[in-house]
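These are my notes from a session of looking things up in one structure, entry by entry. I begin with the chain as a whole and then turn to cores, helix pairs and single residues.

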Amino acid sequence: MTRRLRGAIALAGATALCLGAVATSGAAQPGAASAQRQDVRIGLLLPESKTTRYEKFDRPYIEAKIKELAPDAQIDYYNAAESATTQQQQVNTALAKGDKVLILDAVDAKSIQSSVQKAHDAGVKVVAYDRLAQGPVDSYVSYDNRKVGELQGQALLDALGDKAGTGEIVMHNGSPTDPNAAEFKAGAHSVLDGKVKIGKEYDTPNWDPNNANQQMSGAISALGKDKIVGVYSANDGLAAGIATALKAAGMNVPLTGQDAQLDAIQRILLGTQTITVMKPYKPEADIAATMAVDFAEGKPPPADLVPTTVTSGSGQKVPANLLTPVVVDKTNIKDTVVKDGLYTVQEICTPTYAAACKEAGLQ
């Protein structure tokens with residue numbers, strides 16, 4: 001069985017994997033396999049660290065999978081700290097170091113296009129991770145981002161119930177430089193439009209919780225706290241800033257989120273956030289790592305790893321794998337984030353949350 005087929009089976013959920021095995025021809029010698037492995041040099045470029053997922057989950061999962069598939073691989077890691085300019089410089093550094101493949105989660109999908117083109121011209125493959133960068137990207141893995149927005153919008157409607165037609169909601173859509181934010185927004189609007197009145201709507205630069213806090217405080221002042229019946233937040237980082245503003249105003253209304261951050265799970269337990277959308281990180285990370293190792297070894301990812309095609313903002317058609325997101329609320333925390341290994345009950349249920357955990361059946 002080839003390593004590529006084993007990788008596809010592993011991504012489907014199999015656990016029996018011969019670690020470190022490499023597909024070889026019958027005439028290949030051990031030294032040749034070792035030389036191939038040493039040629040696997042991959043640059044991993046993540047956008048920021050304010051969102052806890054990148055350092056806690058994405059990076060270690062991707063690095064572990066690469067090492068599983070190619071134990072001698074060289075991995076060069078970069079975090080752009082929300083700076084598009086820094087990320088462009090980091091691509092230059094990765095190319096100068098001799099990276100053969102870049103796993104790229106773009107800070108700004110449009111401005112990174114010239115860097116993607118530069119990589120392409122140098123014969124370096126680019127795997128777009130979580131966000132679809134513009135330019136000649138070779139493959140893409142993410143979640144169905146429009147579906148994320150639809151789930152968020154429907155969850156907000158469900159939580160509002162009869163109040164949906166009695167007041168106004170505030171929308172916080174995320175960073176205008178992130179193409180995913182536009183898809184979340186479109187999905188949410190497809191559900192909410194015509195069913196609620198949107199009193200204020202914001203894009204939030206850099207996904208910054210402080211910006212979201214200020215925007216929410218401004219919306220409360222402009223609309224009046226008695227008029228606001230719910231808040232759409234595109235992710236949990238923004239929800240943290242929004243929840244602080246709501247608390248300061250003495251308000252508790254339905255509030256959405258995304259990413260299943262630990263603090264969001266705890267807010268859900270307390271009732272100050274209604275839902276989050278969980279996008280299990282390991283399947284996404286494993287697929288990106290497998291794509292990258294295949295490219296580094298001179299092989300295109302197998303068809304079952306890229307079952308669909310998406311079109312980027314610059315018009316390229318990119319082979320893609322779009323995974324299915326999951327809504328997390330107070331009733332299914334144990335069956336989602338705990339079962340999936342994101343957090344233990346002990347991590348969630350610190351003394352502050354012990355009573356809420358017991359009520360939710362976690363303890």
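How many helices and how many strands are there in the protein chain? I counted 14 helices and twelve strands in the protein chain, and I note at the outset that this is a predicted model.

**Entry 1, the whole chain.** I looked up burial and found that buried residues make up 53% of the 363 residues in the protein chain. I then turned to the contacts with a separation of 6 or more, and of these 68% are accounted for by residues 24 or more positions apart.

**Entry 2, the cores.** Which residues have the most contacts inside the largest nonpolar core? I found that this core has 40 residues, and that the ones with the most contacts inside it are Ile169, Leu192, Met216, Ile228, Val231, Ile242 and Leu246. I also asked which elements feed it, and at least two residues each come from α6 (145-160), β6 (168-172), α7 (179-192), α8 (209-223), β8 (228-233) and α9. Another core lies apart from this one; it has 29 residues, and I noted Leu44, Ile62, Ile103 and Tyr129 among them.

I followed Leu192 further, leaving aside its neighbours within four places in sequence, and listed its contacts as Gly153, Leu156, Leu157, Ile169 and Met171. Of these partners, Ile169 is also among the residues with the most contacts inside the largest core.

**Entry 3, Gly230.** I placed Gly230 in strand β8, an element that supplies at least two residues of the largest nonpolar core. Is Gly230 buried or exposed? Its relative accessible area is 0%, so I recorded Gly230 as buried. Once residues within four places in sequence are left aside, Gly230 is in contact with Leu156, Leu160, Glu168, Ile169, Val170, Val253 and Pro254. I also looked up one pair across the sequence: Gly230 and Thr256 are 26 residues apart along the chain, and their C-alpha atoms are separated by 8.9 Å.

**Entry 4, α9 against α10.** For helix pairs I kept to the usual description, in which two packed helices are given by the angle between their axes and the distance between the axes. Helix α9 (residues 236-248) and helix α10 (residues 262-270) have axes that come within 9 Å and cross at roughly 50°. I therefore entered α9 as oblique to α10, and the crossing in which α9 passes α10 is left-handed. From α9 the contact uses Asp236, Ala239, Ala240 and Ala243, and from α10 it uses Asp263, Ala264 and Arg267. Sorted by class, the contact of α9 with α10 has four nonpolar residues, three charged residues and no polar ones.

I then stayed with α10 and looked up Gln266, which has its place in that helix. Gln266 counts as buried because its relative accessibility is 8%, which falls under the 20% cut-off. Not counting residues up to four places away in sequence, Gln266 touches Glu347, Ile348, Thr350 and Tyr353.

**Entry 5, α4 against α5.** At what angle do helix α4 (residues 84-97) and helix α5 (residues 113-121) pack? The angle is about 10°, with the axes 9 Å apart, and I therefore wrote α4 down as roughly parallel to α5. The contact is made by Gln88, Val91, Asn92 and Leu95 on the side of α4, and by Ser115, Lys118 and Ala119 on the side of α5. Its residues divide into three nonpolar, three polar and one charged.

Gln87 also has its place in α4, and at 0% relative accessibility Gln87 counts as buried. With residues up to four places away in sequence not counted, Gln87 touches Leu45, Leu46, Pro47, Ala80, Leu104, Asp105, Ala106, Val107 and Ile112.

**Entry 6, positive phi.** I checked two residues that have a positive phi although neither is a glycine: Asn206, at about 65°, and Asp259, at about 105°. Asn206 is in the loop between β7 (197-202) and α8, whereas Asp259 is in the loop between α9 and α10. Which of the terms buried, partly exposed or exposed applies to each? Asn206 counts as partly exposed at 37% relative accessibility, while Asp259, at 5%, counts as buried.

Technical notes:
Residues numbered from 1 in each chain as written. Predicted model: local features only at pLDDT ≥ 70, side-chain atom pairs only at ≥ 80, totals over all residues. Heavy atoms only, no water. Axes fitted to C-alpha atoms, helices over the stretch in contact; angles between N-to-C directions. Parallel < 35°, antiparallel > 145°, perpendicular 65-115°, else oblique. Left-handed = near helix turned anticlockwise from the far one by under 90°. Contact = heavy atoms within 4.5 Å. Nonpolar A, V, L, I, M, F, W, Y, C, P; charged D, E, K, R; others polar. Core = buried A, V, L, I, M, F, W, Y, C linked by side-chain atoms within 4.5 Å. Buried < 20%, exposed > 50% of the residue type's maximum accessible area, 1.4 Å probe, protein only.
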